[in-house]
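Biologist: Could you take me through one part of this model in close detail, namely the open sheet of chain A and what packs on it?

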Amino acid sequence: MKSLEQLINECKEQAFDLKFTRAKEWKEEKEGRVLVGYMPIYFPREVIHAAGGMAVGIMGGGDRKQIIKGDAYYQSYICHIPRSILELALDKHLDHIDGFIFPSICDVIRNLSGIFRQQKIGKFVKYMDFPQNFLPEIGGVFYQQEMEHVMHYIKEINGVEVTAEKLNHSIGLYNRNREMIEFIYDIRQEFPWRLSIEDVYHIIRAGMVIPVEEHNAILEQVCEHIKENIGEPQDKIKIVVSGAFCEQPAVGLIRAIEQAGCYVVDDDYMLGSRMILGDIDTTTDKPLEAISQAYINQSQYSSSIYDVHDPKEYRLAKIVKDRGADGVIFASASFCDPSLLDAPIFQNAFDRMGIRYIAFQYSENINQFKVIKEQVGTFSDSIKLWEDEPVETV
Amino acid sequence: MAQEAQKEKSMIIQKEMVSGLFNDLAKAKETGKKVCYTFIPGNLSELIRVFDMLIVYPEINALQSAMRKKSATYIKEAERHAHSEDVCTYVKCDVGMMLKGNIGPTGEKIPEPDVLLLSYTGCFTFMKWFETLKREYPNAEVIMIHTPYQENAEMTPQMTQYMVKQLKEVVIPKFEKVTGIKYDEAKLKRHLELSAEAEDWITKIFDTTKHRPSPIDAYFAGVYYIGPINIGFRGTQQAVDYYKELYKEIMLRVEQGLGPITPEGEMKEEKFRLVVEGPPNWTNFREFWKIFYDMGAVIVASSYTKVGGVYDMGWRHDPSRPLEALAEYCMNCYTNLNLPQRVDLLAKCIEDYEADGYLTNSIKSCNSFSAGQLGMMREIEDRLEVPVGFIESDLVDPRYFSYSNIKNRLESYFQMLEQRKLIKAHEAAEA
Ligand code: SF4
Ligand code: SF4
């Protein structure tokens with residue numbers, strides 16, 4: 001077993017390898033392998049795996065990629081991630097990726113799929129319309145058709161026919177992946193000092209750009225390490241971060257929140273890897289239906305899923321309660337409509353429920369966060385002061 | 001002037017239609033009619049009519065508030081309630097209006113919704129908007145009909161079926177439940193026949209910009225022309241009559257060789273013909289328009305007039321396939337087209353209407369239009385070698401309308417067009 005430090009360092013390197021080296025090597029190792037890039041938030045990677053492909057999460061260039069060409073495509077009042085993704089593409093970082101999937105999360109990602117088409121980037125470009133109708137016989141069927149469409153594109157490249165057996169096997173691998181990620185969060189709920197949120201972030205983000213089998217092997221070892229009583233507890237409050245599901249904050253900001261006096265016991269940074277709660281059935285002869293059922297019945301709340309039948313404010317309040325958190329930090333990428341339009345819904349409800357929160361905005365390429373750090377520090381101090389006051393949740 | 005008197009006839013009809021609508025809304029409680037809130041893109045007017053409901057369009061309220069200079073107050077009110085400065089200002093204007101008592105453009109209180117019908121077409125913000133409204137109106141029946149995006153520049157049978165199933169199994173049963181009225185397909189078909197007729201007329205109207213001078217401005221006046229077809233009258237004889245009358249008036253202008261009518265009378269000389277992408281600014285609409293007509297610029301086509309439906313490529317509501325027609329209508333609205341489709345459509349307009357330039361009015365708070373506009377502009381410039389221009393404003397937030405900036409930019413742009421014309425004329429003379 002590798003040391004925890006060694007594992008974290010490996011993940012750190014993979015997570016921000018904007019040349020996607022491991023994916024490229026994996027593809028070259030065997031004939032017929034296909035790489036499929038997908039944008040935030042969620043895509044059922046099982047489908048690509050079963051088709052002999054590897055899903056590569058493209059989360060933008062963060063503060064590690066200078067934007068020169070991408071800015072010419074986007075006005076200043078549009079979030080940063082589309083320009084950094086485009087920059088990666090125009091600088092040929094994505095050349096070995098065969099096709100691209102743009103999940104339906106907002107109009108910016110949707111229209112970015114059009115720019116990819118226009119620029120003829122990749123062998124296929126698929127805007128993946130997730131259903132907003134949650135009846136299995138209507139939205140569920142449509143979702144299966146969307147997945148079949150992706151499988152068809154991959155088959156055109158490598159000729160692989162996806163069988164129920166292959167798909168069930170792939171689902172099993174991702175079930176295990178999600179299970180171990182949740183284990184890490186569950187351990188951290190009690191013992192957040194065993195692994196910093198920055199390390200968790202690197203570990204999960206690495207899983208978006210390396211084969212799932214390799215990621216699972218890493219997670220197995222990480223889980224073993226954190227079962228041990230390691231690290232020193234500090235006097236920090238526990239908080240949940242919400243709203244940062246697409247464009248990612250710079251790692252320095254993720255770190256700064258904990259340094260400023262908060263243990264982050266849950267977050268939505270890598271929501272896509274945690275979107276499905278619990279396992280997807282691996283025993284059926286209709287695995288696409290199983291994936292679609294899981295999406296309909298077992299999805300985490302998200303800004304991109306119409307929620308009036310299952311309001312998100314109560315879902316987040318439940319997470320806060322279950323994790324024993326003291327409050328919430330709403331972190332939104334600047335100009336991120338889905339996140340910013342949700343903010344008043346959450347905040348008005350939390351005012352009523354007595355859940356404490358603060359909110360700020362960030363941009364992936366900005367790594368100066370003195371003001372945010374101060375704001376978080378004050379938030380943490382104020383909660384510590386009120387420690388004895390009861391907090392009413394759901 | 002005789003022409004202006006004729007012009008006024010269609011305007012009078014339109015005014016009567018709109019005020020009738022607001023009167024009906026004001027009397028909704030007395031008449032017991034149910035009220036349905038829905039959006040313009042993908043609006044299911046014909047189906048809503050079958051159930052005899054009255055319609056409220058939140059975006060229309062927002063733009064009307066802006067034209068009446070009330071939007072700034074509403075937006076500030078919403079921002080006081082945790083709404084970000086950087087999101088769609090239509091949403092904030094609507095929320096602010098609601099927080100201030102929901103007094104509509106006519107000064108009457110807008111009735112609360114019995115139904116929130118989200119035909120989720122072409123804009124992600126619509127979904128967030130209705131999530132917000134649902135929290136304000138917990139008793140309203142919420143109905144979501146998800147319109148798939150034309151990501152591959154097509155409406156596949158699967159996409160249509162997905163929508164038809166939603167109509168049959170979700171929308172119609174819920175309408176029946178709320179109104180107590182049974183679904184009557186024959187009635188729907190009759191409305192759809194009238195829709196197709198109105199669509200024929202409006203297509204002919206926007207096609208008159210082929211003439212030189214163009215008898216109409218397809219953007220600044222165009223936004224008035226699309227009113228009836230977009231705000232619930234599609235599918236009625238009234239709309240057909242209005243468009244017939246309007247067409248007659250416009251053709252009279254063509255016969256007389258007249259240019260468009262502006263708020264300051266007839267435009268005398270047509271110097272530049274433009275195609276415009278993006279919605280207009282509403283807070284300073286008149287000032288904005290004036291910059292164009294003062295410079296002799298007429299808009300011969302615009303994408304904005306296609307948000308409530310794209311009819312110029314031949315698509316019509318087909319009464320023989322009523323639910324399929326509604327589904328296709330939703331999928332075929334402008335912002336539900338993928339970017340290459342949008343480029344093709346605008347390129348066709350530039351060619352068909354012999355435009356001298358292509359101008360983008362980029363709206364700060366509207367990602368549905370704005371994200372990708374620069375890429376579209378580059379493509380059009382490369383493909384057609386047409387001079388492109390770019391300005392920025394906002395729909396209903398006056399803080400983002402900078403008159404001097406826009407005017408300066410447009411002046412430089414028109415100078416460029418002028419020079420290009422001279423060069424072309426020179427080349428033609430030499431050839
Ligand atoms: S950051 Fe927000 S607005 Fe930007 S692409 Fe992501 S979800 Fe869309
Ligand atoms: S984002 Fe644009 S299309 Fe969507 S509601 Fe706002 S103004 Fe309308």
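**The open sheet of chain A**

Modeller: In this predicted model, A:V240 stands opposite A:V328 in β7(A). That residue pair belongs with the pairing of strand β5 (residues 237-242) of chain A and strand β7 (residues 327-333) of chain A, which run in the parallel sense and are joined over four bridges. Strands of a sheet pair through backbone hydrogen bonds, in either a parallel or an antiparallel arrangement. Taken as a whole, the open sheet consists of four strands of chain A in the order β6-β5-β7-β8, with parallel pairing. Its edges are formed by β6 (262-266) and β8 (356-362) of chain A, each of which pairs on one side only, and from one strand to the next the twist averages 35 degrees.

Two helices of chain A can be placed against these strands. Helix α10 (residues 251-259) of chain A packs on the sheet, where it touches β5, β6, β7 and β8 of chain A, and its direction makes about 115 degrees with that of β6(A). Helix α13 (residues 312-322) of chain A, for its part, lies across β5, β6 and β7 of chain A and runs at about 155 degrees to β5(A).

Elsewhere in chain A, the residues surrounding ligand 1 include A:C246, A:E247, A:C336, A:D337 and A:P338. The elements that contribute two or more residues to this shell are α5 (107-118) and α14 (337-353) of chain A, and the shell residues divide into nine nonpolar, no polar and two charged.

Notes
Residues numbered from 1 in each chain as written. Chains lettered and ligands numbered in written order. Predicted model: local features only at pLDDT ≥ 70, side-chain atom pairs only at ≥ 80, totals over all residues. Heavy atoms only, no water. Near = heavy atom within 4 Å. Nonpolar A, V, L, I, M, F, W, Y, C, P; charged D, E, K, R; others polar. Pairing = 2+ DSSP bridges. Axes fitted to C-alpha atoms, helices over the stretch in contact; angles between N-to-C directions. Contact = heavy atoms within 4.5 Å.
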